[in-house]
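Got your viewer open and the chain loaded? Let's take a walk through it, one selection at a time.

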Amino acid sequence: MASHSDTLVVFFGATAGANGGKLGSDEREIILLVWQIVDLHEKKVGKLQRRLVKPDSLELTDQSKEETGLSVEELYKAEPLDKVLQQFQQSVSAELKALGRSSYTLCVDGPLIIRQALHPEVSKKNLVLPECFYSFVDVRKEFHKCCPNAGQVQDLTLPSMLEYVCIPELPLSEQVMGLKEVRCMVQLSLHILAEPYNHKFSCFEAVKYKLESGACSKTEPVDSETVIRARGLPWQSSDQDIARFFKGLNIAKGGVALCLNAQGRRNGEALVRFINQEHRDLALERHKHHMGSRYIEVYKATGEEFLKIAGGTSNEVAQFLSKENQVIIRMRGLPFTASPQDVLTFLGADSPVTDASDGLLFVKYPDGRPTGDAFVLFSCEEYALNALKKHKQILGKRYIELFRSTAAEAQQVLNRYMSTPLISTLPSSSMVPMPVLATPPYLATGSTRDCVRLRGLPYTAAIEDILEFMGEHTIDIKPHGVHMVLNQQGRPSGDAFIQMRSADRAFMVAQKCHKKMMKDRYVEVFQCSTEEMSFVLMGGTLNRSGLSPPPCKLPCLAPPAYAAFPSPAMLSEAALYQPPLLATPRTPQPPHSPHPTPTLAYYPPQHHPAQLYMNMNMNYTAYYPSPPVSPSTMSYFASPPGSVALAAQQPHAQGHVASPMMPQHGALVRMQGLPYNAGVKDILSFFQGYQYSPEDYSSMVQMSRGQTRSLIQPKEWLCL
């Protein structure tokens, strides 16, 4: 940066459109540059230089033609902007050398020519702007320091300032646009440098070379007069693209916050925070300016809106983003098992990550489960571009998406994932009652949170693995209390529900077993109620919107389960839990046996020809799905419905009282997808070979939304 102690270069420019107070507001190109050197020590001036600039679009507004006096023919013969800037540097350097000076500073009448015209145009044309254009002094602000009573800075004009210090206006013959303004600024500068003012130019304004990245805390005060909202951005635009759109204006550190939609993708909006209100007001003048082929709308915004998007509370994120001048890349679609070393290997040696694994930030859910998103820091643009070349390349079995990102976007993504509860509070009183059959009994629903939900089970996990996982808490599981969940293809979904003896026991399991390892995976354990469990198992959903009832069309068609019942004092594990995915019938006990065997709520494994899977069609969804869309799955019950009932105590022939756990002799099955013209004979023919009697048979057929259903109670059970 120049020392600003030797020379001033008074500088002026005009465009092919609006000039004066609206200079640069219409994106018109520069067509005129005028400058003159002022020696601050000798109080001498150099030669007045005037250059026409050939724009890419040879069109002039009527206002510009009238003010500048230029025509299209004159501009056609001129040099383009990059050539004129080279001439400017050569001319100034030569004069400085002749004067024996080494440095200079631009002096302008207001910042518009530098901030609103020159920098934006050079940025669009991908030209290299000389360093001298990144620092300047504003003659209005310097004059206001000398003469504070002359009025507010924004109200000052060259004629008014000259009149205040009693400098006569130039003759009409010299009032040519550009020449007049430069001569007036030179006279005004020389006047305030002399007695009685003896002014020293000191209010140097800077133009930032590039956007500074950084984190913003939610507790940080943000002035609403410094924030704008930009709309209509290309979805792939980064914070650097936005900073380039506002080139010439100084954006606050970490002041670009890209807005995300409900799916976590950019919605074409961004909140931008500038260093002060003056720069914010200049940004508003770029309303409907273009970024590529798209025009961008610019509106006022508030500090609260900016903090809502960019503000964060995570120390981990603040530490990650504390490294300044880093390029941030967002990776999406990572395998959930991906380690930092896997990511570093994927990026390769040509795109080294800053501080190796410390330059990686994996986005996780509140429970620690990975989301598949990560943010990566690179020390320079070259490394970031090398990383972006790996967009949609394969890591493991998944292709990875890479995008330019921002500190504010990283904070926003972390806020979204970490601030949302896993399962929202469920309604207590307005619950829709679940229709059930009186016989056989169903799960006793209630709001008592005496159940736990296991999520993330290995797909090979069996009941025995769950028992081993539960450890000492196994004794607190209710008989037949383990309910596995299958997906729509009949395969394990990685979820299970377990009924515990009390809410305290369920809470203890959730505390002790949460994120405990089963084989090579950690399993999440959450406390829930029987009501929530049964609704989910029967096709309802449990998500951020609360609890939704299952789509039961028939009041008596809800899938069956087990009733709560007092368990015997001594029960083996084999008598409590079923082998996974297989339910086996048992031979009914004779009702009048002289020595009735105590009947347990379990069907022991037998070699029986009717071993069938019991797969009920369910709709199981969970919040925080992974991958992003929750799969439709099927619930699994470990033993046949209706096999255990709380029978009424009836006297037998020998005066004995029947066992309270006497099984029923049959069970209900549900048939879906029957032909619309199917009759009773067709249904009986379908079940040919299974034992049933006419008195035990009942059928109910209903047409509902293109579905035909039937309820049957045969001697032997079958589930379809």
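Before the first stop, one term: two strands count as a pair if DSSP finds at least two bridges between them. Strands of a sheet pair through backbone hydrogen bonds, either parallel or antiparallel. Also keep in mind that what you see is a predicted model.

**Stop 1: the whole chain**

Show everything as a cartoon. You're looking at 19 helices and 32 strands. Now colour by burial: of the 720 residues in the protein chain, 51% are buried. Switch on the surface, and the accessible area comes to about 34300 Å², with carbon and sulfur atoms owning 52% of that. How much of the contact count, at a separation of 6 or more, comes from residues 24 or more positions apart? It's 72%.

**Stop 2: a four-strand sheet**

Select residues 360–364, which are β16, and 401–404, which are β20. Add β17 at 370–378 and β15 at 327–332. Together they make an open sheet in the order β16-β17-β15-β20, paired antiparallel. β16 and β20 are the edge strands; each has a single partner, so one side of each has no neighbour in the sheet. Look along the sheet and you'll see neighbouring strands turned against each other by 25 degrees on average, ignoring direction.

Zoom in on β16 and β17. They run antiparallel to one another and share four bridges. Click Leu 360 and look across: Val 376 in β17 stands opposite.

Next, bring in the helices. Select 340–347 for α12, which lies across β15, β16, β17 and β20 and runs at about 125 degrees to β16. Then select 381–388 for α13: this helix packs on the sheet too, touching β15, β17 and β20, and its direction makes about 150 degrees with that of β20.

**Stop 3: a five-strand sheet**

Move to another open sheet. Which order do its five strands follow? They go β10-β11-β9-β13-β12, with antiparallel pairing. Select 251–260 for β10 and 289–291 for β12, and you have the edges; each of these has a single partner strand, so one side of each is left without a neighbour in the sheet. From one strand to the next, the twist averages 35 degrees.

Now pick out β13 at residues 294–300, which pairs with β12 in the antiparallel sense over three bridges. Click His 289 and find its bridge partner in β13, Ile 296. To finish this stop, select 277–284: that's α9, lying across β9, β11 and β13 at about 140 degrees to β13.

**Stop 4: inside the nonpolar cores**

Show side chains for Phe 11, Leu 33, Phe 88, Ile 114, Phe 133 and Phe 246. They belong to the largest nonpolar core, which has 49 residues, and they touch the most other members. Centre on Ile 114 and leave aside its neighbours within four places in sequence: its contacts are Phe 11, Leu 106, Val 108, His 119, Pro 120, Phe 133, Phe 136 and Val 207. Apart from this core lies another one, of 36 residues, including Leu 8, Val 10, Val 137 and Leu 162.

**Stop 5: Val 523**

Select 521–528 to light up β25, the strand that holds Val 523. Is Val 523 buried or exposed? Its relative accessibility is 0%, so Val 523 counts as buried. Beyond its neighbours within four places in sequence, Val 523 contacts ten residues' worth of clicking, among them Leu 454, Phe 469, Cys 513 and Met 518. Try a distance too: the C-alpha atoms of Val 523 and Asp 495 are 9.4 Å apart, with their positions 28 residues apart along the chain.**Stop 6: loops and cysteines**

Click Lys 43, in the loop between β2 and β3. Though not a glycine, Lys 43 has a positive phi of about 55 degrees. Cys 166 is another non-glycine with a positive phi, about 65 degrees, and Cys 166 sits in the loop between α6 and α7. With a relative accessible area of 68%, Cys 166 is exposed.

Now find Pro 196, in the loop between α7 and β7. A cis peptide bond joins Glu 195 to Pro 196, with omega at about 0 degrees.

Last selection: the cysteines. How many disulfides does the structure hold? Zero. Cys 132 is buried at 15% relative accessibility, while Cys 380 is partly exposed at 24%.

Key. Residues are numbered from 1 along each chain as its sequence is written. This is a predicted model: local features need pLDDT of at least 70, side-chain atom pairs count only at pLDDT 80 or more; totals for chains, interfaces and linings use all residues. Side-chain values use heavy atoms; hydrogens and water are left out. Helices (H or I, at least four residues) and strands (E, at least two) are DSSP runs, numbered from the N terminus. Axes are lines fitted to C-alpha atoms, for helices over the stretch in contact, and angles run from 0 to 180 degrees between N-to-C directions. Contact means heavy atoms within 4.5 Å. Buried means under 20% relative accessible area, exposed over 50%, partly exposed in between (1.4 Å probe, protein chains only). Accessible areas come from the Shrake-Rupley method with a 1.4 Å probe; for residues, only the protein chains shown count as cover. A nonpolar core is a set of buried Ala, Val, Leu, Ile, Met, Phe, Trp, Tyr and Cys residues joined through side-chain atoms within 4.5 Å. A disulfide is a pair of cysteine sulfur atoms within 2.5 Å.
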